[in-house]
Structure formats: structure tokens, C-alpha cells
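Here are a few notes from my read through this one. Have the structure open while you go through the points.

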Amino acid sequence: MANRILTLNQISVRGLDRLPRESYEIASEFSHPEAILLRSHKLQPADIADSVLAIARAGAGVNNIPVEECTRRGIPVFNTPGANANAVKELVAAGLLLGSRGIVAGSEYVHTLGEFTDKGELNKTLEANKKRFKGNELHGKTLGVVGLGAIGSLVAEMALTLGMEVVGYDPALSVDAAWRLPSEVRKAEALSSLFARCDYVTLHLPVLDSTRGLVNAELLSAMQPHACLLNFAREEIVDEASLIQALDAGQLRKYIADFPTPALIGRDDVILTPHIGASTDEAEDNCAVMAADQLRDFLENGNIRNSVNFPTLLLERVGGCRLAVTNQNVPRTLNSVLTLLAEQNINVIDMLNKSRDEVAYNLIDIDTTPPEALLSQMRGLDGVTSVRLIGDCGK
Ligand SMILES: NC(=O)c1ccc[n+]([C@@H]2O[C@H](COP(=O)([O-])OP(=O)(O)OC[C@H]3O[C@@H](n4cnc5c(N)ncnc54)[C@H](O)[C@@H]3O)[C@@H](O)[C@H]2O)c1
Ligand SMILES: O=C(O)CC[C@@H](O)C(=O)O
């Protein structure tokens with residue numbers, strides 16, 4: 001039977017083409033899908049049918065998905081780390097320029113001059129008024145990068161090439177991310193010192209319980225009055241009331257963000273884009289291809305790459321059929337599963353098991369198709385969250 005993939009946002013065709021139509025049905029409405037593929041759609045727990053085996057986010061942030069609920073139900077949630085990082089980096093480069101030069105106000109001003117028909121007169125007026133739109137250069141200024149993952153590290157590298165000094169802050173920096181970081185990036189020991197010393201601060205961290213409202217009144221008051229804050233990460237990381245207070249009080253010159261809110265629209269000291277950080281053909285293709293490939297490998301082989309709640313686990317197929325078993329990460333559960341197989345004289349050909357926090361995940365290749373009654377018995381074992389049979393052993 002074909003796997004049904006429910007898409008809850010427009011997903012690039014190049015990604016959808018990775019799911020062959022002989023074995024996948026793709027639609028924006030299904031009552032019992034095997035998987036959900038989405039971008040920023042806000043997914044509610046009640047929207048996740050019992051039939052759902054996996055959820056793939058074509059993008060980085062998973063704050064629109066109830067990840068804890070998925071973990072409890074044994075559903076891996078995938079994302080696509082780095083697949084849209086270059087698109088965001090390029091928009092941040094634009095954001096820095098919008099913050100340093102009178103581009104937006106200058107362009108808006110020029111469009112008010114429609115009544116001029118004489119080129120010479122127009123030129124005279126432009127030359128007389130252009131001083132209102134003077135800016136500063138980025139070269140020699142200091143950029144603070146908060147979050148040095150896929151996007152933050154590219155932003156840091158880009159800013160160095162513009163001749164900026166770069167200071168970074170990331171208390172949870174992975175070893176891989178540290179290797180990617182240019183050696184010129186200086187480390188800030190605390191967020192407050194980064195905010196105090198920088199001309200521009202750019203945010204590239206996820207929104208989590210620990211980062212919601214992270215940029216608060218205290219941090220904003222540490223900023224220099226000429227400084228700019230860029231937020232291409234998530235709205236909720238910046239406390240809006242404190243931000244507006246800081247702008248009103250002249251503690252911050254400009255806020256440049258990808259997340260408009262009613263209170264920010266119309267302010268001269270705010271530049272807003274409509275969440276287009278990842279809106280390039282290239283990023284949409286990259287994310288969709290990566291999400292679809294990961295989903296397919298999970299549905300067809302049980303393999304897990306780039307999950308935000310399950311361990312990474314890849315086991316090559318050597319024949320036979322495969323059991324994908326998720327259980328609570330407690331002793332003796334796997335033993336009970338293997339005992340059930342042994343009692344039925346089912347031989348294990350290959351096996352891999354890994355855990356992440358409270359989740360344990362196992363791929364068990366076996367030589368005989370287990371009867372449905374055995375699978376039900378396995379599902380009923382203490383601590384077992386889900387059991388899926390992949391393929392048919394032919395005996
Ligand atoms: N505007 C957009 O369209 C757009 C596009 C892509 C990503 N994003 C947002 O950007 C975020 C970052 O994306 P990424 O691909 O770089 O993710 P990433 O996982 O590669 O990097 C995030 C980094 O933030 C760090 N971090 C976590 N908590 C932190 C804290 N308290 N202080 C400082 N750093 C902290 C992590 O250690 C990690 O290195 C995403 O979570 C998403 O919300 C927005
Ligand atoms: O899908 C999008 O357009 C936005 C994606 C972005 O917010 C992300 O977190 O990757």
C-alpha cells in the first residue's frame with residue numbers, strides 16, 4: 001500500500017519528486033496519513049492522526065510542532081539543518097545594510113517625487129535632500145552573533161569579509177559548529193557584554209522555553225544608543241514590550257526583523273520583512289529535498305537522520321524484514337522484545353539500538369515475518385511505545 005504524505009504548506013516540487021508516485025500519495029488533505037510534511041504551519045496535537053509515523057519540517061525551527069507530544073507518542077520529528085542557512089545569511093547581509101544606510105527611507109522619499117517632470121529639477125531636489133539619508137559603513141563596526149549554528153556561523157563569516165569585527169555567543173555550541181567557525185570570531189563570555197560592546201547584534205538561536213523573551217529590558221538597556229538589533233530567528237526571542245520601550249527611549253536605533261507584529265508595523269525605527277528568511281527557490285528546494293529524503297528513508301528503512309527528538313540511527317539493509325521498535329529508555333525493555341522473538345524461533349540477523357534522553361529506538365532485522373499476534377504482544381510490553389514491521393521476509 002502507498003504511504004500517504006499530508007502536506008500542510010506548499011512544498012517545493014523538487015522535494016516532492018523524491019517520493020515516487022508508485023509508493024507515495026501526496027495531498028494537502030488526508031484523514032489517515034502515514035507522515036506529515038510541513039513548513040511553518042502551526043500543528044496542534046489534535047491534528048496528528050493516530051496513523052502518523054513521522055513528521056518532517058522542511059526548515060530549521062520546529063517551534064510550530066508539538067515535539068514533546070510527538071516524543072510521547074513515539075513519532076520522530078525531522079528538520080533540515082543548514083538547508084536554508086545561506087538564504088538567511090544573505091537576508092541578514094541585506095539587513096545590516098538596511099540598518100547602516102538610508103536605503104528604505106531614501107527609496108520611499110524618491111517615490112514621493114512623482115510630480116517632477118524635469119530631470120534637472122528632480123536632480124537638484126535629490127542632491128539638496130540626500131544628506132537626510134546619510135549612513136555609516138559596516139567596515140570596522142562590531143557585530144555580535146547570538147547562536148553560532150548553521151546560520152550564525154555563515155553570518156559571522158560574511159561579516160568578517162565585510163571588514164566587521166565579530167563577537168559570538170553560544171553556550172551550547174556543538175563541536176562541528178565550532179570547527180566551522182572562523183578563528184577571527186571572538187568569544188563573548190556573557191550575553192550582556194556582547195550586547196554592550198556591539199554596533200549590531202543579530203540573533204540566530206532557536207526559540208525554546210529557555211530562550212523565549214531572552215532579549216529583555218536588561219539586555220536592551222546595555223546596548224549602545226546607535227546600535228541595531230536584527231532578528232531573523234523568531235519573534236518570541238525578543239520581549240516586545242521591552243523592545244518598544246527601548247526604541248521609544250532611544251536606547252536602540254533600529255530593529256530589523258523577519259517577524260512583523262501589529263505593534264511594530266508603521267514605526268520609522270523598525271524594518272520588517274514577512275518571514276522571508278528562507279524564501280528563495282534554492283532554500284525551498286534544499287529543505288524539501290532533505291525533508292523528503294529523510295522521511296522516505298524512515299518510512300522504507302526505519303533509518304533516522306536529523307531528528308530533533310529521536311537518536312540518529314542508520315542500519316544498512318541486509319535482507320529479511322525489519323522491526324522498528326521505540327521504547328522508553330529504561331532497562332530490560334529491549335530484552336523483553338528479543339525474548340518474544342526468541343520464543344517464536346525468529347532469528348535476529350542484525351540489530352542496532354540507540355537512545356536519546358527518554359527515547360530508545362531499535363532496528364532489528366529478522367529472518368521470518370512475525371505473526372500479527374506477536375506484534376500485538378510486543379506493542380503491549382511495558383515501556384514499548386511503538387512497533388512497526390518494515391518489509392516482508394517472504395516466509
Ligand atoms: N527567518 C527565517 O525564515 C528562518 C530560517 C531558518 C531558521 N530560522 C531560525 O533560526 C534559528 C537558527 O537556525 P540554524 O539553522 O542556525 O539552527 P542551528 O541549530 O544550526 O543553530 C542554532 C544555534 O543556537 C545555539 N543556541 C541555543 N540556545 C542558545 C542560547 N541561549 N544562546 C545562544 N545560542 C544558543 C545552539 O547551540 C546552536 O548552535 C532556527 O531555530 C529558526 O528559528 C529562521
Ligand atoms: O519555511 C519557511 O519559509 C520558514 C522556515 C524558517 O522559519 C525555518 O525555521 O527554517
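1. Let's start with a helix pair: helix 3 and helix 6 are oblique to each other, because angles of 35 to 65 degrees fall outside the parallel and perpendicular ranges. Keep in mind that this is a predicted model. The two axes, for helix 3 (residues 85-100) and helix 6 (residues 150-161), come within 9 Å and cross at roughly 45°. As for handedness, helix 3 passes helix 6 in a right-handed crossing.

2. Who does the touching? On helix 3 the contact uses Ala85, Asn86, Val88, Lys89, Val92 and Ala93, and helix 6 answers with Ala150, Ile151, Leu154, Val155 and Met158. Sorted by class, the residues of this contact come out as nine nonpolar, one polar and one charged.

3. On the domain layout, the assignment splits the protein into domain 1 (1-84 + 279-310), domain 2 (85-94 + 137-272), domain 3 (102-135) and domain 4 (311-395). Between domain 1 and domain 2, the C-alpha centres are 30 Å apart. Eight residues from domain 1 and seven residues from domain 2 make up their contact. The domain 1 side of that contact holds two nonpolar, five polar and one charged residues.

4. Last, the ligand site. Which residues surround ligand 2? They are Arg39, Ser40, Gly59, Ala60, Gly61, Asn84, Gly277, Ala278 and Ser279. By class, that shell around ligand 2 has six polar, two nonpolar and one charged residues.

Note on methods. Residues are numbered from 1 along each chain as its sequence is written. Chains are lettered from A and ligands numbered from 1 in the order in which they are written. This is a predicted model: local features need pLDDT of at least 70, side-chain atom pairs count only at pLDDT 80 or more; totals for chains, interfaces and linings use all residues. Domain bounds come from an automatic or database domain assignment. Two residues are in contact if their C-beta atoms, placed from the backbone, lie within 7 Å. Ala, Val, Leu, Ile, Met, Phe, Trp, Tyr, Cys and Pro count as nonpolar, Asp, Glu, Lys and Arg as charged, and the others, Gly among them, as polar. A residue is near a molecule or strand if its C-beta atom, placed from the backbone, lies within 6 Å of it. Axes are lines fitted to C-alpha atoms, for helices over the stretch in contact, and angles run from 0 to 180 degrees between N-to-C directions. Helices (H or I, at least four residues) and strands (E, at least two) are DSSP runs, numbered from the N terminus. Angles under 35 degrees count as roughly parallel, over 145 as roughly antiparallel, 65 to 115 as roughly perpendicular and the rest as oblique. A crossing is left-handed if the near helix is turned anticlockwise from the far one by less than a right angle, and right-handed if clockwise.
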